[in-house]
Amino acid sequence: MFTPASEIESVGLLGAGDIGAGWAAHFLWLGFDVVAYDPAPEGPEAARQLVAAAWPTMENLGLAPGADPERLHFAPSLAAMA
């Protein structure tokens, strides 16, 4: 079943490397909660650093209501994302 975009509140990401962290920043900028899973031990911290580096630019572009990098969370496993 199709969920209208207006009803989506959170986004799940599998992988939080450079590309995944870029998507995380994009969805955070739009005001979504983001739950990511990355098997690399340094994945969560690296993704947070990339989002933090991009955030000033996103602020200059204008943030959506509710946009906040603190809405980025990491699941301990792929199964826990569900």
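With 82 residues, the protein chain would have a radius of gyration near 12 Å if it were a compact globule, and its value of 12 Å agrees with that. Here the radius is taken over C-alpha atoms, and the globule rule is 2.2 Å times the number of residues to the power 0.38. Those C-alpha atoms fill a box of roughly 35 × 30 × 20 Å along the principal axes.

A quick word on what you're looking at. This is a predicted model, in which local features need pLDDT of at least 70 and side-chain atom pairs count only at pLDDT 80 or more, while totals for chains, interfaces and linings use all residues. Residues are numbered from 1 along each chain as its sequence is written, and side-chain values use heavy atoms, with hydrogens and water left out.

Now follow the chain from its start. You'll meet the pattern β-α-β-α-β, made of two helices and three strands. Both kinds of element are DSSP runs numbered from the N terminus: helices are H or I with at least four residues, strands are E with at least two. Of the contacts with a separation of 6 or more, 66% join residues 24 or more positions apart; a contact means heavy atoms within 4.5 Å. On the outside, the chain exposes about 5,300 Å², and carbon and sulfur atoms supply 61% of that. Accessible areas come from the Shrake-Rupley method with a 1.4 Å probe, and for residues only the protein chains shown count as cover. Buried residues make up 29% of the 82, where buried means under 20% relative accessible area, exposed means over 50%, and partly exposed is in between (1.4 Å probe, protein chains only).

Helix H1 is a good place to stop. It covers residues 18–29, 12 in number, and reaches 16 Å from first C-alpha to last, close to the 16 Å expected at 1.5 Å a residue; the expected span is 1.5 Å times one less than the number of residues. Its buried residues are Gly20, Ala21, Ala24, Ala25, Phe27 and Leu28. They pack against strand S1 (10–14), strand S2 (33–37), helix H2 (43–61) and strand S3 (72–74). Gly22 also sits in H1, but this glycine is partly exposed at 39% relative accessible area. Its C-alpha lies 8.5 Å from that of Ala54, 32 residues apart along the chain. After the helix comes Gly31, with a positive phi near 95°.

H1 also takes part in some ring packing. The structure holds two aromatic pairs. Trp23 and Phe27 are stacked, 5.7 Å centre to centre with 25° between the planes. They are four residues apart in H1, so about one helical turn separates them. An α-helix has 3.6 residues a turn, so residues three or four places apart point the same way. Phe27 also pairs with Phe32, edge-to-face this time, at 5.9 Å and 80°. Rings of Phe, Tyr and Trp (its six-membered ring) pair if their centres lie within 6.5 Å; planes under 30 degrees apart count as stacked, over 60 as edge-to-face and the rest as tilted. Together, Trp23, Phe27 and Phe32 make a cluster. Phe27 and Phe32 are buried, whereas Trp23 is partly exposed at 45%.

Finally, look for the one salt bridge, meaning a side-chain nitrogen of Lys or Arg within 4 Å of a carboxyl oxygen of Asp or Glu. Asp33 and Arg71 form it, at 2.8 Å from N to O. Asp33 is in strand S2 and Arg71 in the loop between H2 and S3, so the pair links distant parts of the chain, 38 residues apart.
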